[in-house]
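Visitor: I am new to this structure and should be grateful for a close look at one part of it. Please attend to the cysteines, and set them within their surroundings.

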Amino acid sequence: MDIYWILVALVFLVGVPIQPHWSRPRAKIYLWIVFVMMITVSGFRAFSIGADTKVYVNVFHNIRNINLMKGRFEIGFLKYVEILHHLSENAGILLIVSSAICIGAACIFTYKFSKNPMISMMLYILLGEYFSQMNVMRQAIALSLMEVSFMVLLKNNGGGGVQRAISALLILLAATFHTVAIVGVIPWILVVRSNSEKEEYNSFTASKMLKNTIWIAGIAFVAYSVIMAVTIKLLPQYAGYFRGEWSDANYNASLFNTLIQLSFAVVGAIVFREKKLNKNQRFAAIMLSLTIVFDVLSMRMEIWGRIAGMFGIYTYLLWVPEVTSEIHSAKNRVILNTAIVLFSAAYMLIVLVFRPEWTLVVPYKFR
């Protein structure tokens with residue numbers, strides 16, 4: 001566990017002299033250094049580190065029997081593994097390249113959109129996204145492709161038809177790595193509509209987002225059986241996801257995750273008050289809202305938490321920096337940033353010490 005705390009400390013200490021929020025060149029230098037540090041720990045970990053790492057290493061070693069695995073794994077992921085196997089028969093390449101893709105996408109998104117790269121990277125580690133890409137490789141790569149998709153969509157207000165088409169195709173590509181990525185269509189539609197010139201979207205505020213999210217999440221929790229029936233009827237091919245190990249309720253853990261996201265939403269509503277949100281803030285608010293709704297659903301069935309995981313990363317990389325940068329008092333901004341980091345560190349400590357089975361990344365060892 002010590003290596004993760006050392007990593008967090010270094011991510012902070014490197015940022016102190018660089019001050020990456022001052023300029024883009026500083027942010028680029030900082031993020032390159034952080035990227036190298038994180039990929040060293042993730043990419044060169046032992047095959048025993050991470051809940052599903054051994055499974056994917058086994059896929060790598062048996063990729064010549066690709067036809068036998070098509071029913072279990074998506075074709076995009078299998079072709080990806082096949083390409084890596086052609087480059088090297090050492091399974092370490094799978095961990096290194098996958099880590100580079102996942103961590104790299106987070107760093108690039110942070111560089112392009114975050115107003116505070118240091119807190120984005122610290123929360124990326126402390127609140128579990130870093131550990132997630134060490135566990136659920138297929139979903140993590142799919143998430144990375146979705147990050148690229150939304151980077152394209154957010155560029156120049158996402159007004160161009162070509163940009164929208166490329167963004168949509170990237171979401172479909174992500175679904176070939178993990179089926180759950182198809183839910184990216186939901187925020188894609190919402191973001192496209194929110195970037196329209198209609199007054200109802202231009203008057204979008206954090207308070208409205210919070211109120212609507214609470215209503216929708218509450219209805220979803222109460223009407224869960226109806227949602228399940230409709231989902232299975234519309235998407236019968238995914239009915240298998242609602243049985244087996246992912247069909248159990250996960251109330252306590254999901255409630256914990258919901259409260260974390262809800263806290264960020266409440267703080268944002270207080271800080272922004274009735275201010276109209278800009279393009280990036282609306283995007284982050286949409287993703288935060290979807291995270292909360294699906295986290296609430298995961299209290300009833302654990303599989304919904306996988307979907308929430310496709311949206312939660314933007315809370316750390318974009319929403320929190322947008323909220324804290326809105327505070328004009330330097331003293332109050334430091335207090336809020338410090339509180340966020342300390343509470344996030346407490347979350348990481350609880351997970352690694354009391355719930356290590358959630359990630360299986362401790363005890364750590366290199367290959």
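Guide: The account below begins with the whole chain, turns to the cysteines, and then visits some other residues.

This is a predicted model, in which local features need pLDDT of at least 70 and side-chain atom pairs count only at pLDDT 80 or more, while totals for chains, interfaces and linings use all residues. Residues are numbered from 1 along each chain as its sequence is written, and side-chain values use heavy atoms, with hydrogens and water left out.

The chain contains 19 helices and 0 strands; these are DSSP runs numbered from the N terminus, a helix being H or I over at least four residues and a strand E over at least two. Its radius of gyration is 20 Å, which agrees with the value near 21 Å for a compact globule of 367 residues. That radius is taken over C-alpha atoms, and the globule rule is 2.2 Å times the number of residues to the power 0.38. Along the principal axes, the C-alpha atoms fill a box of roughly 55 × 55 × 45 Å. Of the 367 residues, 54% count as buried; buried means under 20% relative accessible area, exposed means over 50%, and partly exposed lies in between, with a 1.4 Å probe and protein chains only. Contact means heavy atoms within 4.5 Å, and among contacts between residues at least 6 apart in sequence, 77% join residues at least 24 apart.

Now to the cysteines. A disulfide is a covalent bond between the sulfur atoms of two cysteines. Here the term is applied to a pair of cysteine sulfur atoms within 2.5 Å, and the structure holds 0 disulfides. Cysteine 102 is in no disulfide, and the nearest cysteine sulfur, that of cysteine 107, is 11 Å away. Cysteine 107 is likewise in no disulfide, its nearest cysteine sulfur being that of cysteine 102. Cysteine 102 has a relative accessible area of 3% and therefore counts as buried. Cysteine 107 is also buried, with a relative accessible area of 6%.

Tyrosine 111 is found in helix H6, residues 92-113. At 22% relative accessibility, tyrosine 111 counts as partly exposed. Not counting residues up to four places away in sequence, tyrosine 111 touches Arg24, Ala27, Lys28 and Leu31. The C-alpha atoms of tyrosine 111 and histidine 21 are separated by 9.7 Å, although the two are 90 residues apart along the chain.

Serine 120 lies in helix H7, residues 117-126. With 0% relative accessibility, serine 120 counts as buried. Leaving aside neighbours within four places in sequence, serine 120 is in contact with Thr110, Ser114, Tyr316, Leu317 and Pro321.

Some backbone features complete the view. Glutamine 19 is found in the loop between helix H1 (2-18) and helix H2 (24-43). The phi of glutamine 19 is near 50°, a positive value in a residue other than glycine. Leucine 360, in the segment after H19, has a phi near 55°, again positive in a residue other than glycine. Leucine 360 counts as partly exposed at 39% relative accessibility. Proline 363 is found in the segment after helix H19 (330-354), and the peptide bond from valine 362 to proline 363 is cis, with omega near -5°.
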